Structures are given as structure tokens and as C-alpha cells.
Amino acid sequence: MPRGQKPSLSLESFLLPLLSPSSLSTLRSFMSANSGAFASVSFREGGEYPLEWTSVHAGFEEAVEGIIKGAVEDGGTSMEEFKELVAGAHEDGGGGGGGGAATAMAGLLLGLVDFRAFVDVMVDEKKRDYYFDI
């Protein structure tokens, strides 16, 4: 590689740390530890979500972002470059140097950053287990 040129960035290289045993264990433990907040409330579609759910979701987002930030820093790049890579992958339909089953699995976990998807999984233990058993 010519001097001063950065290696090409791969979205998959940043998403794979989400699938490491320690990361999956961290996320699963977080969800298990906070599942009680979702089990004790019956929610009707169209109603307001309990404030505690928003707080738990924010904690989950922080855990996911921490894992990604660590991968970005370990990769010798910045969060700005990572965000550009993600935007490029989104624009070209998921390309951008990522691909394969690992990226698809990481995408499932990242999908939980969406509040409604997170709630859907947290209120159903079988769905929650599914994310970590596949």
C-alpha cells in the first residue's frame, strides 16, 4: 500500500465485533437483566410506552454504540468515516464493502436499536432468545 494511503474500509469489519461471543454475551445479559420491566406491563397498541422502556432502550443503544465505537477505534478510523461507510452501504442497497451472513446477522442486532423493534423483542422471551440462538 502506498505511503499515506489508508486501507480500504469494510463495513463488515466494523460489524463483526457485534457478533463476538463477548459482545453477544453483553447484549444478551443486558436484555435479560432488563426484561422484567417489559414483562410486568401490559401494553395496548396505540397507547403510550412506559417511560422505563425508553430508559432501558437508551441503555441498549449505548451498549451497541460502545461495541461499534471500540471496533472503529481498533480499526484506526473515526466515527465520521464509519458513518460515511454506513451511509454509502445504505445508498447502494447494502454494499459498501460489507456483505454475507455476518453482516446480515449484525444487521439484525442493529435493527434492535429501533425502539419499536426493541420493545417487540423485549416483551417476548422467545423472540429475545431467537436473536441469540440463530
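Contact is taken here to mean that heavy atoms lie within 4.5 Å of each other. The model analysed is a predicted one, and under this definition serine 35, once its neighbours within four places in sequence are left aside, is in contact with Met122 and Arg128. Serine 35 is placed in the loop between helix H2 (21-34) and helix H3 (36-39). Because buried means under 20% relative accessible area, serine 35, at 17% relative accessibility, counts as buried.

With regard to the overall architecture, the protein contains eight helices and zero strands, so that the elements, read from the N terminus on, follow the order α-α-α-α-α-α-α-α. Of the contacts in the protein with a separation of 6 or more, 74% are accounted for by residues 24 or more positions apart. Buried residues constitute 28% of the 134 residues in the protein, while the area that the protein exposes comes to about 8100 Å², with carbon and sulfur atoms supplying 53% of it.

A second residue examined individually, phenylalanine 14, lies in helix H1. Its relative accessible area is 3%, and phenylalanine 14 is therefore buried, given that the cut-off for this class is under 20%. Although phenylalanine 14 and aspartate 74 are 60 residues apart along the chain, their C-alpha atoms are separated by 9.2 Å.

The largest pocket was then considered, for which a volume of about 260 Å³ was computed. Its lining is formed by 13 residues, and those that lie nearest the centre of the pocket are Val64, Ile68, Phe82, Leu110 and Val113. Two or more residues of this lining are given by each of the elements helix H1 (11-15), helix H4 (51-74), helix H5 (79-91) and helix H6 (100-111). Among the contributing elements, H4 gives the most to the lining of the largest pocket, with four residues. In terms of residue character, the lining of the largest pocket comprises nine nonpolar, two polar and two charged residues.

Helix H1 thus appears in two parts of this description, as the element in which phenylalanine 14 lies and as one of the helices that give two or more residues to the lining of the largest pocket. Serine 35, by contrast in its setting, belongs to the loop between helix H2 and helix H3, and Met122 and Arg128 are its contact partners when the neighbours within four places in sequence are set aside.

Technical notes
Residues numbered from 1 in each chain as written. Predicted model: local features only at pLDDT ≥ 70, side-chain atom pairs only at ≥ 80, totals over all residues. Heavy atoms only, no water. 1 Å grid on protein atoms, 1.4 Å probe; cavity = no way out; pocket = protein on both sides within 12 Å on 5 of 7 lines; lining within 4 Å. Points joined across faces, edges and corners; volume = space filled by probe spheres on them. Nonpolar A, V, L, I, M, F, W, Y, C, P; charged D, E, K, R; others polar. Buried < 20%, exposed > 50% of the residue type's maximum accessible area, 1.4 Å probe, protein only. Areas by Shrake-Rupley, 256 points an atom, 1.4 Å probe, with all protein chains shown as cover.
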